[in-house]
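Trainee: Hi! Could you walk me through this one? I'd like to know how to read it.
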Amino acid sequence: MSAFAPTSRCSQSSVVIGERIYFLGGIGATGKGTSDFFYLNVSPPFNTVNLKWTDLTSVAPIPVLSAFSPSCVGGSNNSTIFLFEHRSTNNVNSTTLVTFTLDINSLKWTNSITSGVTPPVRQEMNAVVDKNGKIYINGGYYPYEPSTMQLSYNNTYILDSLKLSWTSGSNAPIIRSEYTATLLPSGLIVYIGGTNDDSLTFVEIDMTRITTYNTITGIWSTMTAGGDVITARQSHSAVLGKDGSIIIYGGGYKNLTVAPTPALATLDTSTTPYKWSAKQTSGTYTAPPLAFHSAEMVGNYMILAFGASFSGTNFDIATAPNNNIYLLDTTTYTWVSSFEKNSTLNVTPTPGGSSPSSPKSTNTSSASSPNNNPLNIPLIAGIGGVLVALVIIASIVGFIFYRKYRKYRPDDEPYIATPGTGDRDREYNREYNDHIDYIATPGTDLRESRYTNSTRTSVTNQYGTPSPTRISSPGSSMNQYAAYPPSNTSSIHHTDVTNLMHQPNRSKASGATFGTPVPGTDTMYNQGAYTQGGPTHIVYAQGGPTHSI
């Protein structure tokens, strides 16, 4: 099978999907439109000497002979090509704009039925799609008028590519056809050049006269651009550069009889008003003057395709089309023949948020090459990212448990709860009176004296007045803790440990000194001793539960 190579053409349209530039129609050597449909693989490494073409015409020919008709990509999965024609078939002229659609996965063309306000038929206009899948069409001219008259438009129509519904927008300040339209990230569409009259003299619009359409507000604006002098032109191309500037190339001046200068220029849209800059280029593979060509931005490279060459006296679309591809590195404005693997390519944005899959292909000019983008780097990066995420999650969970442990089980303060408190309370019950501040449980090793009066506790002596008395607590490193049974009770409580801690019953308080020493201490206490929270029926001590005897 011989390699496929497209024939010379001009006035074709093109769209970018992934790493492919799809070309539709165009006027061939016969001077008529074609139903050709093919694509150029621009995946790196890309070389203009050994182009990777794939012809789809045999399986998905355009339903009509197409030329001067704009196309763009839309639909729910951004895998649908929209082609706007003025004929429904080759033998039937339409009065309204015909919308052909092709799903690149099924490779089937459809004359789509749309709703809403369908635009009147026209050609030589541009179609621009925004991030929401809405396609904007302005201007163009009526293709069926007698040769002595041409009816041009300035109205705007908007097609929702997700719903296939047309609405009308506001009219532009001036009539344009054969212009360029470029969407900025801000939502503005910038219209440059073209013609603006209804006669066949094709008077070009001054390049300083810029109109913009705000896709968010639906409002048109005009401005006068400054900077370098750029010759007026029609049938030129424009792409959006990586730096946000609009790069234009070629076109024809004075009804296509003059090649405008400079051939290449940029419009800085970051300033107000916008500013033109003439660009000087270098390189061996310089593009010639072209009109009716197409241009697409792929990574940092502007790719020019086909078009009518300048014969010296005019751009003749019938006798001077070409089939060449030209590559401009926009970082240095150098004409080159190739770009390598490390080049970053554009991926067409998807209105629905997903990327289209690659369609089937036939009659490829060379054997299908494997994807040269290395997969091991993103794979390793992805695995590394997952591991880092797991480490971060584990650290967060560990920190939460650590905080809970610190809050409820502090290492440096091993509390034993006093009756009436929960085991999560950091302080023991407090009796707010003038006699006792805190009573700690025997057996603890507290390092702070704030849980008790550091050296003494007030108890009531036999005369009913407070008297400071040191209280020893068996099993504790501090000597000021003890617990007591209630007064006037017949039960005696003890614990399972050797050192019992209880106060024998007393029938009454009197002026005489009496009492029984708490085991393990050498101090006499009377029956009115306070405990934390008031009298208690249980005697606590280090070593475990209590028992009534």
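Mentor: Happy to; we'll go through the core, some ring pairs and then the strands. Keep in mind that this is a predicted model.

Trainee: Which residues touch the most other members in the largest nonpolar core?

Mentor: Those are Phe84, Ile135, Ile137, Trp166, Ile189, Tyr191 and Tyr213, out of 21 residues in that core. Several strands feed into it: β7 (80–89), β11 (126–129), β12 (134–138), β13 (156–160) and β16 (188–192) each supply at least two residues.

Trainee: And is there a general reason for such a grouping, or what should I keep in mind?

Mentor: In soluble globular proteins, nonpolar side chains tend to be buried together.

Trainee: What is Phe84 in contact with, leaving aside its neighbours within four places in sequence?

Mentor: The contacts of Phe84 include Leu97, Val98, Met125, Ala127, Ile135, Ile137, Leu159 and Trp166. Ser69, Pro70, Cys72 and Thr99 are also in contact with Phe84. Apart from the core we started with lies another one, of 19 residues, among them Ile62, Val73, Ile81 and Leu83.

Trainee: New topic: how many aromatic pairs does the structure hold?

Mentor: There are 21 aromatic pairs. Take Phe23 and Phe306: their ring centres are 5.3 Å apart and their planes are at 85°, so this pair is edge-to-face.

Trainee: Where do Phe23 and Phe306 sit along the chain?

Mentor: Phe23 is in strand β2 (residues 20–24), while Phe306 is in the loop between β26 (301–305) and β27 (308–309). They are 283 residues apart, so the pair links distant parts of the chain.

Trainee: Buried or exposed, what about Phe23 and Phe306?

Mentor: Phe23 is buried, with a relative accessible area of 1%, and Phe306 is buried too, at 0% relative accessibility. Ring pairs also link Phe23 and Phe306 with Phe4, Phe38 and Trp53 into a cluster. On top of that, Arg9 lies over the face of Phe306, at 5.8 Å from the ring centre.

Trainee: Which ring does the charged end of Arg122 sit over?

Mentor: The ring of Tyr153, with the charged end of Arg122 at 4.0 Å from its centre.

Trainee: What kind of pair do Tyr136 and Tyr213 make?

Mentor: A tilted one, because their planes are at 55°, with the ring centres 5.9 Å apart. Tyr136 lies in strand β12 and Tyr213 in strand β17 (residues 209–214), so the pair ties together parts that are 77 residues apart in sequence. Tyr136 is buried at 3% relative accessibility, and Tyr213 is buried with a relative accessible area of 3%.

Trainee: You mentioned β12. How many bridges join β11 to β12?

Mentor: 4 bridges, and the two strands run antiparallel. In that pairing, Val128 stands opposite Tyr136. The strands β11 and β12 form a hairpin with 4 residues between them, and Gly133 in the turn has a positive phi of about 80°.

Trainee: And which residue takes a positive phi in the hairpin of β17 and β18?

Mentor: Gly218, with a phi near 75°, in a hairpin that has 5 residues between the strands. There, 5 bridges join β17 to β18 (residues 220–224) in the antiparallel sense, and Ile210 stands opposite Met223. β17 also pairs with β16 in the antiparallel sense, over 4 bridges.

Trainee: Last one: what is the strand order in the open sheet of 5 strands?

Mentor: The order is β19-β23-β22-β21-β20, with mixed pairing. The edge strands are β19 (226–227) and β20 (237–240), each of which pairs on one side only. β20 is joined to β21 (residues 246–249) by 4 bridges, running antiparallel, with Ser237 opposite Tyr249.

Terms used: Residues are numbered from 1 along each chain as its sequence is written. This is a predicted model: local features need pLDDT of at least 70, side-chain atom pairs count only at pLDDT 80 or more; totals for chains, interfaces and linings use all residues. Side-chain values use heavy atoms; hydrogens and water are left out. A nonpolar core is a set of buried Ala, Val, Leu, Ile, Met, Phe, Trp, Tyr and Cys residues joined through side-chain atoms within 4.5 Å. Buried means under 20% relative accessible area, exposed over 50%, partly exposed in between (1.4 Å probe, protein chains only). Contact means heavy atoms within 4.5 Å. Two strands pair if DSSP finds at least two bridges between them. Rings of Phe, Tyr and Trp (its six-membered ring) pair if their centres lie within 6.5 Å; planes under 30 degrees apart count as stacked, over 60 as edge-to-face and the rest as tilted. A charge sits over a ring if NZ of Lys or CZ of Arg is within 6 Å of the ring centre and within 35 degrees of the ring normal.
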